[in-house]
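I opened this notebook page to record what I looked up, beginning with confidence and then turning to the cysteines and one helix.

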Amino acid sequence: MPARYLSPAISDQDALALVVVPLVGVEATIYNDLWNAVINQSLRPGDKLEEVAMSEIYGVSRTVIRKVLVIMEQEGAVSLPLNRGAYVARPSPRDALELCEAVGSTCTYIVGKLADQPQTITVEQREKLARHVQAETEAAELHTIRRLHMEHAILLALIYGNLVLATQLERAASRLALALSAYQGVTGNISAVQYTAALNQMIFDGRKEEALLTVNAAIERARKSMRFAAATGSVDLKAILGRG
C-alpha cells in the first residue's frame, strides 16, 4: 500500500493521527493513490474523478469509492457538487491567498515556540529532522522536493507536540499545495533542501528572529509565484493511479 507521507521521519502512527477517518485495506490504497496523484500534480485542480472508472480500477463498489471521496472532501482535497460527480478541489484565488496567510501564521507560531526552547527538542526528534533533510537531499524530482518541503512543516508541528495545530496545518498545507498546483506560475523553490536544513539549525541555535524571517520569506515567495489562471482537461485515471 502506498504511503501518505514521503518523509521517513513521519511515522505511520503520526499519519494515522492526522487523517479525518482511519482507513485500511483497499480504502487506504485508494485514498493514498488519489492523494499522491494530487500532490504530485498528476491530477490537477478541476480534474473530474470518474467513480465508475475508479470502481473498475480497484475492483470495488462505487459505495467504497464514494466513502473515500467524502473523506477527502472533508479534508478539502475533493469537491462533490450535488449530482455533478467528483472533482479535484480547486481553491479560489482568494482561498489561495488566505491559505498562504494561514500556513504562514501557523508555521511562524510553531517555529517561534521551538526556537524559544530548543533544549526541549530531544535527540530522537533531531534525528528525525536529520532523516527528513536527507530525504530531501536524495530527492531528484522537483514535485517530490516540494512535497517533502510541505511535510517538513508538519513534522515541526508534530515535534512541537500540539496535535490540534499539526492537524490544522496539515489540512491548510494540503489545500495550499492544491492552490500552488492550480496557480503557480514559476518552477519553484530549488533551494528547498538548503532552506529546510538552515531552518532546522536556526531553531536548534535559538535564533528565533532569523528563523521567523526565513519562514515568512518562503511563504511570500510562494504567494508571489501564483498566477491566477489554470487550465483543465480530461484525464486517464488508470494511467495516473498506476492501475493501467
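The entries below follow the order in which I checked things.

**Confidence.** I noted at the outset that this is a predicted model, and I found that the chain averages a pLDDT of 86, with 91% of the residues scoring at least 70. When I went through the chain by element, helix H1 (residues 12–18) had the lowest confidence, at a mean of 75, whereas helix H5 (residues 93–116) had the highest, at 95.

**Cysteines.** I next asked how many disulfides the model holds, and the count came to zero. I looked at Cys 100, which is in no disulfide, its nearest cysteine sulfur being that of Cys 107, 11 Å away. Why does Cys 107 not bond to Cys 100? The two sulfurs are 11 Å apart, which is too far for a bond, because a disulfide is counted only when the sulfur atoms lie within 2.5 Å. I also checked whether these side chains are covered, and Cys 100 counts as buried because its relative accessibility is 2%, while Cys 107, at 12%, counts as buried too, the cut-off being under 20%.

**Helix H8.** I then turned to helix H8 (residues 163–183), whose 21 residues reach 30 Å from the first C-alpha to the last, close to the 30 Å expected at 1.5 Å a residue. I wrote down that H8 is mostly covered, with 16 of its 21 residues buried. At the start of H8 I found that a side-chain oxygen of Asn 162 reaches to within 3.1 Å of the backbone nitrogen of Val 164.

Definitions and conventions
Residues are numbered from 1 along each chain as its sequence is written. This is a predicted model: local features need pLDDT of at least 70, side-chain atom pairs count only at pLDDT 80 or more; totals for chains, interfaces and linings use all residues. Side-chain values use heavy atoms; hydrogens and water are left out. Buried means under 20% relative accessible area, exposed over 50%, partly exposed in between (1.4 Å probe, protein chains only). pLDDT is the predictor's confidence in each residue, from 0 to 100. Helices (H or I, at least four residues) and strands (E, at least two) are DSSP runs, numbered from the N terminus. The expected span of a helix is 1.5 Å times one less than its number of residues. A polar contact is a pair of N or O atoms within 3.5 Å; within protein, one must be able to donate a hydrogen and the other to accept it, and residues adjacent in sequence count only if both atoms are side-chain atoms.
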